[in-house]
Amino acid sequence: VTRTVDVLVVGAGPAGLAVGAELGRSGVGRVEILERECDAGGIPRHSDHTGFGLRDLHRLLTGPEYARRRVELATAAGATVRTETSVTSWSGPLAVDVVSPGGLERIEAHAIVLATGARERPRAARLVPGTRPAGVFTTGELQQSVYLHGENVGRRAVIVGAEHVSFSAALTLAHGGARVAAMVTALPRHQTYAGFRIGAAARFRFPLLTGCTVVGIRGRQRVEAVEVQNGASTSRLIPCDTVVFTGDWIPDHELARRGGVSIDPGTNGPAVDPSLHTSVRGLFAAGNLIHPVETADVVALEAHRLARAVTAFLEHGVTDALTVPLRVEPPLAWISPNRAGTSSPTPPLGRFTFRTAAPLTRPHVIVEQDDRRLHESRFRRTLLPNRPCHLDAGWLARIDPAGPPVVVRLV
Amino acid sequence: MSDTPYDVVVVGAGVVGCAIARTLAAHPLRIALVDGAVDVGCGTSKANTAILHTGFDASPGTLESRLVTRGYELLGDYAARAQIPVERTGALLVAWDDDELSALAGIQGKAELNGYAQTRPVDSDELRAREPHLGPGALGALEIPGETIVCPWTTTLAYATEAVLRGVEIHLDTQVADIVDVDGLHVLETNHGELTARWLVNAAGLFADEIDRQLGHDTFTVTPRRGELMVFDKLARDLVSNILLPVPTARGKGVLVAPTVYGNVLLGPTAEDVDDKSATDSTASGLAFLREKGRRIMPALFDEEVTAIYAGLRAATGEGDYRIRAEPDQRYVCVGGIRSTGLTASLAIAEYVVELLADAGLSLGPATEEAPPVMPSIGEATERPYERADLIASGPDYGRIVCHCERVTRGEIRDALTGPLPARTLEGLRRRTRVQMGRCQGFYCAAEVRSLLREQT
């Protein structure tokens, strides 16, 4: 069976649902959002604590409330949300093979938006040696276990990582009845907002071990301890029955890569221009697939810009050519969007998002092409790893579309 | 447990024990298969390099050489009938320096002594053309076209399923504490009571030496040899076409890079003698060694994510051959020292053990042929359930993907939890379906899979 839709959105998380809603409202025709899980909503579905929706929906919601609201908005705008529907392969540049309980089908679209999100890097991918007992989680698995399946997750946990999601894991553990034995980060400090950190520390009273890495997991049936090392010093054991690997996000880019999309070496997601168009004509990418990761409300706000770009493509059939790559130099880790087109439109929310791999005190960031300085920014605060950093996009018009890659670096 | 003694009890439900039970089951015998673990294939059989070997590099004239050569044919044929995932990739034995390059001719000669004449030298240009992602410095190779990748889990499960369907009684979670001779019968004292049998086959793998001692023999010692492995993301699969074998030299055996039937790439193994027969943990030094070796063989592998790290234990005996022997007076056959070639040789070992039993006086009775069970399709070379419109039409759960990374459907999970040899644990479910074996390692589906497991068990 082959069907044709106007816009196919792959993934019904905050990004996919928000862009689906915007496109539905703009009247581009038939908009279909495919979701492989039983329920749409993405990661907020199982982040059962407050803090969602403030910037985009102007109200404070829990994750599941936010997910439901986003589904309602997409549906009300006329988009079709189909759950338990997996895209398994490409059958053409803008056509995919799909499986669902209803069978196999082929869907062609005039434009496709990939919004497949990001996942946390699990223990094996971090090459943490030791035994392979039960009790090793990512935050995603932990939240689903506790909030969606009511599982007992253990009594004493070590959290690996100290970014926002790590503190979210602490909330989930508390809800599930586990005490946090320690939070461990290789960085010299935590990377969440001070309020969140102080609140969590006061409520749950766990030590934050900075400059430390987990170098082993012990236990046969169930986790018994983790081995933690501070620099070159000898390691020590922290007894626990649960260990949660948090953050360290990887874009879920399999579908993008199978479709031959150029991947940005920094984000590991599809390379996109400011209109979020990829290297494949008519194929766009959105959300945490292109910047691992931003909060749900930021991702949803970006959808407005993307919907305009998709609409323009459907009406005029034109996109920018991806001419000039944007590169970062260490210790900067990545920038998104990371290609500049010939017409240099404004990126979502009028800004670029970037990350640093090390804490930077009041850094001086410059953007240059060849020897031409396009822009400079002196930040008055400290920039932290795993935290969103932004760069104004006013300099885009000054790029030479025929020139070499644009470099973003520290002075 | 029943008072009537079994005709044969096989101790050890690894790939070899299951093959023996399955082969004996063709005869009108009452057979028990006993294992201390909660599933079949939980020891050495589950964590290995998953290769169906031609036996080209065995020591000529050994029992191992003979059984590997015969087992290769038997398992190749059985796998086709049982739909065990197999891909006939072929192998290249890659030389990285002049010593290794000059060793290739000798290996070719040895292959011929082992009865394998299809090897062929490959020069550096051809090698580069066939494996463009090899690291710099590969000088040439010997091609062994018959080397094949296979699913070790499905192989063991197929044997065990066939055994169950043909009447073998499987006693899992049953640890043998002692074996005594009472009036010409073997009485096995276990945590679930006594089992009695007229004949005993010891296929206990890592523990075969201990069982052998309980029967009063002290002829070999199993020293577990740990092999650590790394599994790379499916997006690395297109980097490699053949099994890339190291050239064995005086400095050690080196590591291999091989595709898997599930569409990943495997790097390993290390080789380290350990004292503990449960030491299946991976180590920082082992992983560092694999990364160093792997970066030389195929640097591009390291642009992809690592999906899994694990370690297996080989049942090394310090001998150059299998240790299979009959003790007719004791109505006992010992199957010891089955090393990494055991998967390939399993059906030939079983055939040989049945001959030894018959020669020692076990009256087998007539054999009846039956088709092997058709196993679930968990390999990438054949159609998976999620790709089959007919199957989804017959049951929509085959269109309901639960594990997205490995594309395992709810229908397959249900089948694995309810079949003739149902999974009782998450590990068992993983080996039957591939669920949670993928790149996210459970970020998306682990909680739901555990919930499905709780519903069924």
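## Surroundings of B:Tyr322

In this predicted model, B:Tyr322 touches a set of residues that, leaving aside those up to four places away in sequence, consists of B:Leu63, B:Glu64, B:Leu67, B:Val68, B:Gly336, B:Gly337, B:Ile338, B:Arg339, B:Thr341, B:Gly342, B:Ala345 and B:Ile349. With one of these neighbours, B:Thr341, the side chain of B:Tyr322 makes a polar contact of 2.6 Å.

B:Tyr322 belongs to the loop between strand E18 (306-316) and strand E19 (323-327) of chain B. Its relative accessible area is 5%, under the 20% limit, and B:Tyr322 therefore counts as buried. As a point of reference within the chain, the C-alpha atom of B:Tyr322 is separated by 26 Å from that of B:Arg88, a residue 234 positions away along the chain.

## Helix H11 of chain B

Helix H11 of chain B, spanning residues 426-433, is mostly covered, with six of its eight residues buried. These are B:Gly428, B:Leu429, B:Arg430, B:Arg431, B:Arg432 and B:Thr433, and the elements of chain B against which they pack are helix H5 (152-165), strand E22 (408-409), helix H10 (410-418) and helix H12 (446-456).

One of the buried arginines of this helix, B:Arg432, forms a salt bridge with B:Asp39, in which the closest N and O atoms are 2.7 Å apart. Because B:Asp39 lies in the loop between strand E2 (31-34) and strand E3 (51-52) of chain B, whereas B:Arg432 lies in H11, the pair ties together parts that are 393 residues apart in sequence. Both B:Asp39 and B:Arg432 are buried.

The helix is followed by B:Arg434, which has a positive phi, near 80°. B:Arg434 forms a salt bridge with B:Glu380, with 3.0 Å between the closest N and O atoms, and the pair links distant parts of the chain, since B:Arg434 is in the loop between H11 and H12 and B:Glu380 in the loop between helix H8 (342-359) and helix H9 (389-394), 54 residues apart. The two partners differ in accessibility: B:Arg434 is buried, with a relative accessible area of 1%, while B:Glu380 is partly exposed, at 36%.

## The interface of chain A and chain B

Contact between the two chains involves 43 residues of chain A and 45 residues of chain B. Together the chains bury about 3700 Å², of which 50% is on carbon and sulfur atoms. On the side of chain A, the residues that lose the most area to chain B are A:Arg119, A:Leu127 and A:Arg132, which together account for 16% of what that side buries.

Seven salt bridges are found across this interface, including one between B:Arg450 and A:Glu141, whose closest N and O atoms are 2.8 Å apart. Between the chains there are also 15 residue pairs in polar contact, counted with both residues at pLDDT 80 or more. Several elements of chain A, among them strand E8 (103-114), helix H4 (139-148) and helix H7 (254-258), each supply at least two residues of the side that touches chain B, and H4 of chain A gives the most, with four residues. By class, that side has 16 nonpolar, 13 polar and 14 charged residues.

A further salt bridge joins B:Arg439 and A:Glu254, with the closest N and O atoms 2.7 Å apart. B:Arg439 lies in the loop between H11 and H12 of chain B and A:Glu254 in helix H7 of chain A, so the pair joins two chains; B:Arg439 and A:Glu254 are both buried. Residues of both chains also take part in one aromatic cluster, formed by A:Trp249, B:Phe443 and B:Tyr444.

## Aromatic pairs and salt bridges in the whole structure

Over all chains, the structure contains 10 aromatic pairs. The rings of A:Phe167 and A:Phe206 have centres 6.4 Å apart and planes at 40°, so this pair is tilted. A:Phe167 lies in helix H5 (residues 164-175) of chain A and A:Phe206 in the loop between helix H6 (194-204) and strand E13 (208-209), so the pair ties together parts that are 39 residues apart in sequence. A:Phe167 is buried at 0% relative accessibility, and A:Phe206 is buried with a relative accessible area of 5%.

The pair of A:Phe284 and A:Phe313 is edge-to-face, with 6.0 Å from centre to centre and 70° between the planes. Both of these residues, A:Phe284 and A:Phe313, are buried.

The structure holds 63 salt bridges over all chains. In chain A, A:Arg3, A:Arg30, A:Glu32, A:Arg82 and A:Glu105 are linked in a network of such bridges.

Terms used
Residues numbered from 1 in each chain as written. Chains lettered and ligands numbered in written order. Heavy atoms only, no water. Buried < 20%, exposed > 50% of the residue type's maximum accessible area, 1.4 Å probe, protein only. Contact = heavy atoms within 4.5 Å. Buried area = accessible area lost by both parts, 1.4 Å probe. Salt bridge = Lys/Arg side-chain N within 4 Å of Asp/Glu carboxyl O. Polar contact = N/O pair within 3.5 Å; in protein donor to acceptor, adjacent residues only side chain to side chain. Nonpolar A, V, L, I, M, F, W, Y, C, P; charged D, E, K, R; others polar. Phe/Tyr/Trp six-rings, centres within 6.5 Å; stacked < 30°, edge-to-face > 60°.
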